[in-house]
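Here's a walk through one chain, heading by heading. Keep the viewer open and follow along.

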Amino acid sequence: MIKVIGVRLHERGKAWYFDLDGLDLRNGDPVVVKTEQGSEFGVCAIEPTLIPDDRPELIRGTILRLADEQDEEHYEENLRLETEATRICQERILAHKLPMHLVEAQYLFDNRNIIFYFTADGRVDFRELVKDLASIFHTRIELRQIGVRDEARMMGGLGICGRELCCCSFLNNFQPVSIKMAKEQNLSMNPGKISGTCGRLLCCLNFEQAAYEDANRRLPSRGDHVQTAKGEGVIEGVNLLKETVLIRLIRDDESEPMTLPASEVTVIHERGRKTSSKESDDSSARPSRRSSGRCSARSSGRNKKEADQRAAGERKSSCKCQDCSCPQRQNPADAEIIHSESFDPEEENADE
């Protein structure tokens, strides 16, 4: 077993495991670590734990030492240099007219490498930009394209709940989130309410999904017929958190809906129940009538097509010009398509 500790580099983002190498560290200690790129500054974010010897891929690097006051001052100086590097890189991006959005710049702790993170809609040819930046900073330059979720994690901020973004505080890995989760949790489909600062679906939709799935399996659905102490009724709404149902009793007079605990009702007719044999016999007889309707619709469509062809022949015979490309000698729809294809400048440039 290998004893490791989780370290969050640059005090934000995902926490990576690093080999303690015999050091005694605790959560919150500033450290200097060694990675494949070089030395970096970080803060311990996960308490020491043990990893099997056959899982070395989980370890990012090794802890070099506990950061002292001089290391922290050097880290603060790098932060000031990163601000200046971001400004210079943004100016060069505008000069090269590249369709990319610069997120931030990061100096490695040993100042041997500068990494620029950016977002873009597609692939960007930034080779000239890299050469330009290398001539300015005289060091190794790297440009990395990231997604909108990683951008939100790096920039930080507050969510609609008023707390710090989950991806910036404790969330290490992004889990897939689907619109089905929002529907199962009876949330509004308003994009402004179910989307985070990154523009994607809220990561917290995944936190309570298992509880909602369990409640959906146990509780009755909307539209089910149930038996209550006051009689038979139909469910008009379900509150998954309180595990209550809104029921309207089936009576001759219109009754007001009432709210009851789901444990006090018994389902007698589910909304998706199978039809009886009599109903299935009736339904089997209906397709023949619908099929005859479709046949009549097809015949009427055929008659309409033949009428259009006759009208087109009359227009063709009434035209006195000898130009074969005259719109009157063709189908009007075909004339429009031929016109747009012949004079589309984008397609002409593509052919060249």
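What follows covers confidence, then the barrel, then the helices and their charged pairs.

## How far to trust it

This is a predicted model, so it helps to start with confidence. The chain averages a pLDDT of 76, and 76% of its residues reach 70 or more. Among the elements, helix α1 (residues 69-96) comes out highest, with a mean of 92. At the other end sits helix α9 (residues 332-342), whose mean of 27 is the lowest.

Two stretches deserve some caution. Residues 273-300 stay under 50 in pLDDT, and the model gives this stretch two contacts beyond four places in sequence. Over residues 314-352 the pLDDT is also below 50, with 19 contacts in the model beyond near neighbours in sequence.

## A five-stranded barrel

How do the five strands of the closed barrel run? The order is β1-β2-β5-β3-β4, and the pairing is mixed. From one strand to the next, the twist averages 55°.

Begin with β1 (residues 2-9) and β2 (residues 15-19), which are antiparallel and joined by five bridges. Ile 5 faces Phe 18 of β2 across this pairing. The two strands make a hairpin with five residues between them, and His 10 in the turn has a positive phi of about 55°.

Moving along the barrel, β2 meets β5 (residues 59-66) in a parallel pairing with three bridges. Here Asp 19 has Thr 62 in β5 as its bridge partner. Elsewhere in the barrel, β3 (residues 30-34) and β4 (residues 39-51) pair in the antiparallel sense over five bridges. Val 33 stands opposite Glu 40 of β4.

## Salt bridges along helix α1

The count of salt bridges comes to 15, and α1 hosts some neat examples. Arg 80 pairs with Glu 77, their closest N and O atoms being 2.5 Å apart. Both lie in α1, three residues apart, or about one turn of the helix. That spacing suits a pairing along one side: an α-helix has 3.6 residues a turn, so residues three or four places apart point the same way. As for solvent, Arg 80 is exposed, with a relative accessible area of 51%, while Glu 77 is partly exposed at 33%.

Further along, Arg 87 forms a salt bridge with Glu 84, and here the closest N and O atoms are 2.3 Å apart. Arg 87 and Glu 84 also sit three residues apart in α1, about one turn of the helix. Are these two buried or partly exposed? Arg 87 counts as partly exposed, with a relative accessible area of 41%, and Glu 84 is partly exposed too, at 37%.

## Another pair, and a network

Asp 110 forms a salt bridge with Arg 112, with 3.1 Å between the closest N and O atoms. Asp 110 is partly exposed at 26% relative accessible area, whereas Arg 112 is exposed at 56%.

Which residues are linked in a network of salt bridges? They are Asp 214, Arg 217, Arg 218 and Glu 243.

## Helix α3 and what it packs on

Helix α3 (residues 148-155) has charged side chains in its buried set. The buried residues are Arg 149, Glu 151, Ala 152, Arg 153 and Met 154. They pack against β6 (101-107), β7 (113-119) and α4 (166-169). After α3 comes Gly 156, with a positive phi near 80°.

## Helix α7, a two-sided helix

Which residues of helix α7 (residues 209-218) are buried? They are Gln 209, Tyr 212 and Ala 215. These cover an arc of only 125° around the axis, which puts them on the same side of α7. The buried residues of α7 pack against α5 (179-184).

Turn the helix around and you find the exposed residues Ala 210, Ala 211 and Arg 217 on the face directed away from the buried side. Arg 217 also belongs to the salt-bridge network with Asp 214, Arg 218 and Glu 243.

Definitions and conventions. Residues numbered from 1 in each chain as written. Heavy atoms only, no water. pLDDT = per-residue confidence, 0-100. Helix = DSSP H or I, 4+ residues; strand = E, 2+ residues; numbered from the N terminus. Contact = heavy atoms within 4.5 Å. Buried < 20%, exposed > 50% of the residue type's maximum accessible area, 1.4 Å probe, protein only. Arc of directions from axis to C-beta. Salt bridge = Lys/Arg side-chain N within 4 Å of Asp/Glu carboxyl O. Pairing = 2+ DSSP bridges. Axes fitted to C-alpha atoms, helices over the stretch in contact; angles between N-to-C directions.
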